[in-house]
Amino acid sequence: MQAVSSKKNTIHATVGAALCALLSIASAHAAAAKARQELPPRLTVAEWRALDPENTMYIELPTGRVVIELAPRFAPNTVANIRALVRERYFDGLWVMRAQDGFVVQWGDPDEEKPRPFKAAKTVAAEFTVPYTKNDSFTRLKERDVYAPQVGHVDGFPVARNPATRQTWLPHCYAMIGVARDNDADTGNGSQLYTVIGHAPRHLDRNITVVGRIVAGMPLLTVMPRGTGASGFYEKAEQRTPIASVRMAADVPPAERSKLEVMRSDSAAFQAVIDAQRNRGGPWSKVAAGAIDLCNVPIPVREQP
């Protein structure tokens with residue numbers, strides 16, 4: 001993970017130490033300039049985009065803020081229900097209730113006997129996949145994938161898709177946000193969410209609705225004490241981490257918002273980042289892989305002053 005620190009936030013993206021060097025001012029511009037010469041003219045676009053406040057969610061923990069970017073393109077009904085839950089302040093005062101080592105951290109209401117009531121929809125049809133069109137801004141990776149015929153990125157999110165069925169979906173990469181459910185496919189309504197903290201469990205792809213990814217504050221979740229109960233659930237109430245509040249950025253005064261930008265995945269600079277990760281150089285690396293896995297592609301995030 002690449003970390004960009006400020007006094008207020010610890011900003012993360014799935015970028016290793018090698019990318020830190022790449023994104024230094026001189027090398028980033030040099031790499032991007034070279035990539036622009038080699039890539040089609042259609043990729044000459046702005047390299048960074050601001051987060052949409054209507055699709056950005058803030059989780060306030062005792063240790064700081066976690067910033068989530070929602071992806072309504074891939075789960076429109078579930079994202080709408082999550083917004084409704086946030087705006088009725090359903091999550092305020094609930095808990096991080098599960099931390100399973102190498103797997104997920106989960107939050108919501110742990111009380112199955114008397115769960116907190118809410119006005120949002122109790123059931124939402126599963127959105128494991130959605131249709132795609134040729135107009136989607138899909139930037140495809142050249143590498144083969146074990147779990148999907150094609151993989152790449154759309155609007156800064158890792159995606160997989162199947163041309164035979166014209167379906168696309170968000171994969172279970174590190175920091176992605178999934179919707180917990182029971183055995184029935186349509187039992188996930190967004191009232192319990194989780195993020196992947198371990199090696200990408202891609203076998204869950206197309207079995208759970210994925211609604212977005214964490215773009216800042218991931219270290220606040222990965223350091224959670226591991227639960228001692230089954231599947232990493234906390235057995236005692238005092239082991240849980242309280243959630244002070246969850247808000248949509250659009251409902252937060254502009255001065256209090258996190259000023260984050262994500263590198264555009266249809267930009268030449270992003271291609272340079274991918275190539276740098278495929279072919280790591282420098283004095284430490286002795287063998288360059290020459291390839292990259294979808295979940296290991298860094299998606300840089302930066303904070304504006």
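# Briefing: burial, disulfide and packing in a predicted model

C295 has a relative accessibility of 11% and therefore counts as buried (under 20% relative accessible area with a 1.4 Å probe on protein chains only; exposed is over 50%, partly exposed in between). This is a predicted model, in which local features need pLDDT of at least 70 and side-chain atom pairs count only at pLDDT 80 or more, while totals for chains, interfaces and linings use all residues. Residues are numbered from 1 along each chain as its sequence is written, and side-chain values use heavy atoms, with hydrogens and water left out.

**Overall composition**

- The protein chain contains 5 helices and 19 strands (DSSP runs numbered from the N terminus: H or I of at least four residues, and E of at least two).
- Of the 305 residues in the protein chain, 51% are buried.
- Among contacts (heavy atoms within 4.5 Å) between residues at least 6 apart in sequence, 71% join residues at least 24 apart.

**Disulfide**

- The structure holds 1 disulfide (cysteine sulfur atoms within 2.5 Å).
- C173 and C295 form this bond, and their sulfur atoms lie 2.0 Å apart.
- The torsion about the S-S bond of C173 and C295 is about -75°, so the disulfide is left-handed.
- The bond links distant parts of the chain: C173 belongs to the loop between β12 (167-169) and β13 (176-179), and C295 to the loop between α5 and β19 (301-303), 122 residues apart.
- C173 also counts as buried, because its relative accessibility is 3%.

**Sheet and strand pairing**

- An open sheet of 5 strands runs in the order β8-β12-β11-β10-β9, with antiparallel pairing (at least two DSSP bridges between two strands).
- Its edge strands are β8 and β9 (138-140), each of which pairs on one side only.
- Within the sheet order, β10 stands beside β11; strand β10 (residues 150-154) pairs with strand β11 (residues 157-162) in the antiparallel sense over 5 bridges.
- G152 has V159, in β11, as its bridge partner.

**H153 in strand β10**

- H153 is found in strand β10.
- The relative accessibility of H153 is 0%, so this residue counts as buried.
- Neighbours within four places in sequence left aside, H153 is in contact with S137, F138, T139, P158, V159, S265, F270, L294, V297 and I299.
- One of these contacts, F270, is also among the buried residues of helix α5.

**Helix α5**

- Helix α5 (residues 268-278) is mostly covered, with 9 of its 11 residues buried.
- The buried residues of α5 are A268, A269, F270, Q271, A272, V273, I274, Q277 and R278.

**Nonpolar cores**

- The largest nonpolar core (buried Ala, Val, Leu, Ile, Met, Phe, Trp, Tyr and Cys joined through side-chain atoms within 4.5 Å) has 37 residues, of which V67, F74, V159, L170 and L260 touch the most other members.
- The elements that give two or more residues to this core are β10, β11, β15 (210-216), β18 (260-263) and α5.
- Helix α5 contributes the largest share of this core, 4 residues.
- A second, separate core of 35 residues includes M57, F91, F118 and V246.
- Not counting residues up to four places away in sequence, V159 touches F74, F138, Q150, V151, G152, H153, V154, T168, W169, L170, P171 and L294.
- V159 thus appears in several roles: as the bridge partner of G152, as a contact of H153 and as one of the core residues that touch the most other members.

**Aromatic pairs**

- The count comes to 2 aromatic pairs (Phe, Tyr or six-membered Trp ring centres within 6.5 Å; planes under 30 degrees apart are stacked, over 60 edge-to-face, the rest tilted).
- The ring centres of Y90 and F91 are 5.2 Å apart and their planes stand at 75°, so this pair is edge-to-face.
- Y90 and F118 also form an edge-to-face pair, with 5.2 Å centre to centre and 75° between the planes.
- The pair of Y90 and F118 links distant parts of the chain: Y90 lies in the loop between α3 (76-87) and β6 (95-99), and F118 in the loop between β7 (104-108) and β8 (130-131), 28 residues apart.
- Ring pairs join Y90, F91 and F118 into a cluster.
- Y90 and F91 are both buried, and F118 is buried as well.
- Two residues of the cluster, F91 and F118, are included in the second core of 35 residues.
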